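I opened a new notebook page for this chain. The plan was to look up confidence first, then helix packing, then a few single residues.

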Amino acid sequence: MNHNGHPFSRRRLLAGAAVASAVTVTGVATAPTAAAANPTHAATPLVTRDRIGSAVLHTPGGGPAVARFQADFHDRLAAWLAFWSANSPAAWSAPVQVVGRVDRSGDAFTLHAVRYRRADELHDGFAAGRVDGSHWATLASLHHHFPIVAPLPGGAVQVGDGVAGFTGSAGQLAFAVAACRELWGERAATAVGWREHANQVLSRAGQRADVASRAGWAAFTRTSLRRGLGTESYE
């Protein structure tokens with residue numbers, strides 16, 4: 001299977017992954033997983049779905065799957081995937097497969113891959129364990145839509161339901177530092193001085209907002225998605 005690539009050296013990619021891990025551990029308290037942090041829903045019937053948006057749901061290492069979701073969470077996942085697709089290169093089809101697992105409660109999802117077609121071939125727009133521009137871009141898109149985004153060992157990412165926005169959580173700070181460094185070249189960004197660098201990124205993108213606000217966080221994640229997928233450079 002072909003993979004989408006962007007010009008990131010292996011050393012930089014490994015360093016970026018290490019930075020994200022280190023910030024989560026040493027910058028502030030480690031963020032809980034989406035399943036642990038997400039408040040319990042009132043008892044409501046789950047809906048059965050075999051797709052997210054127009055993309056067929058697949059299990060990791062397996063074929064098409066049917067899963068049970070909280071209805072509002074499934075809608076949020078569909079909105080996220082449409083957002084990811086709308087900001088991807090024009091040559092990419094709308095996503096045709098999403099690989100992942102739904103938590104038993106129906107309100108947390110672990111993402112392993114997003115696949116699209118280009119020139120009649122299937123490609124990974126995001127793949128767990130592959131750390132490149134598309135990796136950081138997809139994390140940005142998830143942070144744009146979900147309050148809890150938790151990278152897991154092996155590269156999969158777990159998200160939990162809820163209203164998105166800046167909270168200053170460990171997970172958000174870790175992502176912001178890594179995005180500044182690996183996507184935007186702000187190599188001096190740290191857990192202490194990340195906000196200044198993120199706001200410089202917003203200025204480069206023509207956005208007048210503080211990253212630590214709802215509007216600023218939405219702009220930072222949106223522009224990071226576009227830069228990571230190569231649809232905008234903001235140079």
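The entries below follow that order.

**Entry 1: confidence**

I noted at the start that this is a predicted model. The protein chain averages a pLDDT of 86, and 82% of the residues score at least 70. I then looked for the weak part and found that residues 2-32 have a pLDDT below 50. In the model this stretch still has 61 contacts beyond near neighbours in sequence. Where pLDDT is low, predicted coordinates should not be read in detail. I left those contacts unread.

**Entry 2: overall make-up**

I counted elements next. The protein chain has seven helices and ten strands. Of its 235 residues, 50% are buried. I also checked how far along the sequence the contacts reach. Among contacts between residues at least 6 apart in sequence, 60% join residues at least 24 apart.

**Entry 3: α3 against α4**

For packed helices I wrote down the angle between the axes and the distance between them, the two values by which such a pair is described. I began with helix α3, residues 71-86, and α4. Their axes come within 10 Å and cross at roughly 135°. That makes α3 oblique to α4, since the angle falls short of the 145 degrees above which a pair counts as roughly antiparallel. The crossing of α3 and α4 is right-handed.

From α3, the residues in this contact are R76, A79, W80, F83 and W84. They meet T138, S141, L142, H144 and H145 of α4. By class I recorded five nonpolar residues, four polar and one charged in the contact of α3 with α4.

**Entry 4: α4 against α5**

I moved on to the contact of α4 (residues 133-145) with α5 (residues 170-182). Here the axes come within 11 Å and cross at roughly 140°. I set α4 and α5 down as oblique to each other too. The crossing of α4 and α5 is left-handed.

Which residues of α4 meet α5? I listed W136, L139, A140 and H143. Opposite them in α5 are G171, Q172, F175, A178 and E182. The contact of α4 with α5 divides into five nonpolar residues, three polar and one charged.

**Entry 5: α5 against α7**

The last pair I looked up was α5 with helix α7, residues 214-229. They pack at an angle of about 45°, with their axes 12 Å apart. An angle of that size lies between the 35 degrees under which a pair counts as roughly parallel and the 65 degrees where roughly perpendicular begins, so α5 and α7 are oblique. The crossing of α5 and α7 is left-handed.

On the α5 side I noted Q172, F175, A176, A179 and C180. On the α7 side the contact is made by W217, F220, T221 and S224. The contact of α5 with α7 has six nonpolar residues, three polar and no charged. Q172 and F175 are listed for the contact with α4 and again for the contact with α7.

**Entry 6: W217**

I stayed with W217, which is found in helix α7. Is W217 buried or exposed? Its relative accessible area is 2%, so I entered W217 as buried.

Leaving aside neighbours within four places in sequence, W217 is in contact with H143, G165, F166, Q172, F175, A176, D210 and V211. Among them, Q172, F175 and A176 belong to the α5 side of the contact in Entry 5. I also took a C-alpha to C-alpha distance from W217 to H144: the two are 73 residues apart in sequence and 7.5 Å apart in space.

**Entry 7: positive phi**

I looked up two residues other than glycine with a positive phi. Phi of A119 is near 55°. A119 sits in the loop between β7 (108-118) and β8 (121-127). With a relative accessible area of 67%, A119 is exposed.

Phi of Y234 is near 60°. Y234 is found in the segment after α7. Y234 is buried, its relative accessible area being 16%.

**Entry 8: T44**

Where is T44 found? I placed T44 in the loop between α2 (34-37) and β2 (47-49). T44 is partly exposed, with a relative accessible area of 40%. The C-alpha atoms of T44 and A71 are separated by 9.1 Å, and the two residues are 27 apart along the chain.

Methods:
Residues numbered from 1 in each chain as written. Predicted model: local features only at pLDDT ≥ 70, side-chain atom pairs only at ≥ 80, totals over all residues. Heavy atoms only, no water. pLDDT = per-residue confidence, 0-100. Contact = heavy atoms within 4.5 Å. Axes fitted to C-alpha atoms, helices over the stretch in contact; angles between N-to-C directions. Helix = DSSP H or I, 4+ residues; strand = E, 2+ residues; numbered from the N terminus. Parallel < 35°, antiparallel > 145°, perpendicular 65-115°, else oblique. Left-handed = near helix turned anticlockwise from the far one by under 90°. Nonpolar A, V, L, I, M, F, W, Y, C, P; charged D, E, K, R; others polar. Buried < 20%, exposed > 50% of the residue type's maximum accessible area, 1.4 Å probe, protein only.
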